[in-house]
Amino acid sequence: MKKKWIAMMTAVLMTMTLLTVCGGNGVSDKTYETLQQNWKSLTEFYNEIASAYNTATSNGEIERDETLEGFMNDAADVLEEIQNTPRADLTEEKAIEINDRMIRLQEDLAGAFDVNLVE
């Protein structure tokens, strides 16, 4: 009986280890939904900022700004990363990290664009 119990516990521990190493269930529904909402919001915001920035620089209203362009490039990269990453490949931690990046990028874009319009 003791050997069966040890064998069963060993199998359970191996399964738990395998699930932990492989990411288990991946990202929760709530986190994934938030990720999708933030992706949509950043996509719309990025498109508005890019359009307004390109128009303003073309018209000579503002000069090109490396900082703002850097934020725009970072936003484009994170948007592409999410678009090309299947849900099954996401972990909870990775999804939270990407969500945080998107929020910071949206704030950075807004701040950098506002500064350029004021100057």
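These are my notebook entries on one helix contact and on the salt bridges of this structure, which is a predicted model.

**Entry 1: H2 against H3**

I began with helix H2, which spans residues 29-58, and helix H3, which spans residues 66-83, and found that their axes come within 10 Å and cross at roughly 145°. I noted the handedness of the crossing of H2 and H3 as left-handed. I then listed who makes the contact: on H2 the residues are Leu 35, Gln 36, Trp 39, Leu 42, Thr 43, Tyr 46, Ile 49, Ala 50 and Tyr 53, while H3 contributes Leu 68, Glu 69, Met 72, Ala 75, Ala 76, Val 78, Leu 79, Ile 82 and Gln 83. Sorting the residues of this contact by character, I obtained 14 nonpolar, three polar and one charged.

**Entry 2: Glu 69 and Arg 64**

Glu 69 of H3, which I had already listed in the contact with H2, also forms a salt bridge with Arg 64, and the closest N and O atoms are 3.0 Å apart. I looked up the accessibility of both partners: Glu 69 is partly exposed, with a relative accessible area of 23%, whereas Arg 64 is exposed, at 57%.

**Entry 3: Arg 87 and Asp 29**

Counting salt bridges over the structure, I arrived at five. One of them pairs the side chains of Arg 87 and Asp 29, with 2.6 Å from N to O. I asked myself which parts this pair ties together. Arg 87 sits in the loop between H3 and helix H4 (92-118) and Asp 29 sits in helix H2, so the salt bridge ties together parts that are 58 residues apart in sequence. As for accessibility, Arg 87 counts as partly exposed because its relative value is 30%, and Asp 29, at 58%, counts as exposed.

**Entry 4: Glu 97, Lys 94 and their network**

I turned next to the salt bridge between Glu 97 and Lys 94, for which the closest N and O atoms are 3.7 Å apart; I kept in mind the cut-off of 4 Å, so this pair still qualifies. Both Glu 97 and Lys 94 lie in helix H4, three residues apart, which is about one turn of the helix. Glu 97 has a relative accessibility of 39% and counts as partly exposed, and Lys 94 is likewise partly exposed, at 30%. Following the shared partners, I found that salt bridges join Glu 81, Lys 94, Glu 97 and Arg 101 into one network.

Definitions and conventions: Residues are numbered from 1 along each chain as its sequence is written. This is a predicted model: local features need pLDDT of at least 70, side-chain atom pairs count only at pLDDT 80 or more; totals for chains, interfaces and linings use all residues. Side-chain values use heavy atoms; hydrogens and water are left out. Axes are lines fitted to C-alpha atoms, for helices over the stretch in contact, and angles run from 0 to 180 degrees between N-to-C directions. Helices (H or I, at least four residues) and strands (E, at least two) are DSSP runs, numbered from the N terminus. A crossing is left-handed if the near helix is turned anticlockwise from the far one by less than a right angle, and right-handed if clockwise. Contact means heavy atoms within 4.5 Å. Ala, Val, Leu, Ile, Met, Phe, Trp, Tyr, Cys and Pro count as nonpolar, Asp, Glu, Lys and Arg as charged, and the others, Gly among them, as polar. Buried means under 20% relative accessible area, exposed over 50%, partly exposed in between (1.4 Å probe, protein chains only).
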